[in-house]
Amino acid sequence: MTAPTPSQTVGPFFGFALPFENDANAVENDAYATAGESTDAIRVEGQVLDGIGEPVGDALVEASQGDQFARCRTDGEGTFHFVLRNPVVSDGAPFFNITVFARGLLRHLQTRMYFPDGDGANHVDRVLQLVDESRRHTLIARRDGDILHFDIRLQGEGETVFFAV
Amino acid sequence: MNTLDFEPPYLYPDYRSTELRAPKHEPVRLPDEWFHNASGPVFGRIPVRAEDADLTRQHRGEPLGERIIITGRVLDSDGHPVRNTLVEIWQANAAGRYLDPADDHPAPLDPNFTGAGRALTDQAGFYRFVTIKPGAYPWGNHLNAWRPAHVHFSLFGPSLASRLVTQMYFPGDPLIPLDPMMSSIPDARGRELLIARLDLDTTVPDWALGYRWDIVLRGRRATPTEA
């Protein structure tokens, strides 16, 4: 095996380069959506926080599921949002893949956002079962009206569960 | 070969920004077969135009600085070329200043240089950019902290595991051994992987020096990197 190229931080100065049109909204230009059909669009809002609970205002968050991809930057309050369609899963509970890049992260962080458990699927999801029960809640969004709320705590109290990649 | 020593740790106190951002818990490792089956993000919504690969022709005039060509091959760690994958780059201008509004280094902006590019790899896995050699610049990590000249790279590859954001450095730069980001990679062989080489085959005579930098993404046989 050839050694993979090492990772380096995304740094603080990516904001002029990595955004693209409608980057946070994978549904807006969707042919299905523009046809006026139900889109199952889900808006997720959250905040990226550091080890003392301060907002991380220079993070890049990417969300993906199947062929959907969204990219968003945090603002000065550490908040981000993205819109994806409801995930379709054949096995286990529905989730979005979430990748976090930031100044101070020499390697990116990989996590998953699961949905508030309406039908019990989270209880049988094989990945969630691998996570210590006391930390599982960090992977589950909470419903807040029409949107889902998912905070990402990089370190400390309530630290989000991240997966090795 | 312990490739773990080729990757920086999350916590590296010499790079101060890691101290409050590095997770304290070990990352949860999924069984390898689940890890490898995780399909990656599909980046097709990100626009890639032909002119995005030439950072010297994105404005009315030519940018100041040393024109260079950066090219290389993207392979996976099993040795296969990674075709049609998106390569995004961004960098400071020749004076060491980013166009980014967050950059307050008192060096001039160049009205003819943005410093952002995109390209897709070809059928053999090659990418190619024309740009300007970026300048070194100071940062607030410690007294006289100066980043070596570098170009940021972002690549997707086919799976979640192949996603890579990194930085390419230039050979012979005396700032490299002083740089905490570079030093965070424990094994010198890992650090070497981030340094391009001057390549006369890439160089276009009387026009631009060429640098060759190959990139290796995690392939199906790679195992996850732990903390």
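Welcome to the tour; start by selecting chain A, which has two helices and nine strands (both are DSSP runs numbered from the N terminus: helices are H or I with at least four residues, strands are E with at least two). Before going on, note that this is a predicted model, in which local features need pLDDT of at least 70, side-chain atom pairs count only at pLDDT 80 or more, and totals for chains, interfaces and linings use all residues. Residues are numbered from 1 along each chain as its sequence is written, while chains are lettered from A and ligands numbered from 1 in the order in which they are written. The model scores ipTM 0.96 and pTM 0.96.

**Stop 1: chain A as a whole**

Colour chain A by secondary structure and follow the sequence: the pattern reads α-β-β-β-β-β-β-α-β-β-β. Along the principal axes, the C-alpha atoms of chain A fill a box of roughly 40 × 40 × 40 Å. The radius of gyration of chain A is 16 Å, which agrees with the value near 15 Å for a compact globule of 165 residues (it is taken over C-alpha atoms, and the globule rule is 2.2 Å times the number of residues to the power 0.38).

Buried residues make up 48% of the 165 residues in chain A. A residue is buried if 20 or more other C-beta atoms lie within 10 Å of its own, exposed if 12 or fewer, and partly exposed in between, with C-beta atoms placed from the backbone. Of the contacts in chain A with a separation of 6 or more, 60% are between residues 24 or more positions apart; two residues are in contact if their C-beta atoms, placed from the backbone, lie within 7 Å.

**Stop 2: A:Asn22**

Now select A:Asn22, in the segment before helix 1 (31-34) of chain A. Its phi is near 60 degrees, a positive value in a residue other than glycine. Most residues other than glycine have a negative phi. A:Asn22 counts as partly exposed because it has 14 C-beta neighbours inside 10 Å.

**Stop 3: where the chains touch**

Show both chains together. The contact takes 52 residues from chain A and 62 residues from chain B. On the chain A side, the elements that give two or more residues are strand 2 (59-65), strand 5 (95-102), strand 6 (109-114) and helix 2 (126-130). Strand 5 of chain A gives the most, with four residues.

**Stop 4: chain B as a whole**

Hide chain A and look at chain B, with three helices and eleven strands. Its pattern along the sequence is α-β-β-β-β-β-β-β-β-α-α-β-β-β. The C-alpha atoms of chain B fill a box of roughly 55 × 45 × 35 Å along the principal axes. Of its 227 residues, 43% count as buried. Chain B averages a pLDDT of 94, and 96% of the residues score at least 70 (pLDDT is the predictor's confidence in each residue, from 0 to 100).

**Stop 5: B:Gly65**

Select B:Gly65, in the loop between helix 1 (32-37) and strand 1 (67-76) of chain B. Leaving out residues up to four places away in sequence, B:Gly65 touches B:Asn93, B:Ala94, B:Ile132 and B:Lys133. B:Gly65 is partly exposed, with 18 other C-beta atoms within 10 Å. Try a distance label too: the C-alpha atoms of B:Gly65 and B:Phe113 are separated by 10.0 Å, and these residues are 48 apart along the chain.

**Stop 6: B:Asp206**

Finish at B:Asp206, in the loop between strand 9 (197-198) and strand 10 (209-212) of chain B. Phi of B:Asp206 is near 60 degrees, a positive value in a residue other than glycine. B:Asp206 is exposed, because 5 other C-beta atoms lie within 10 Å.
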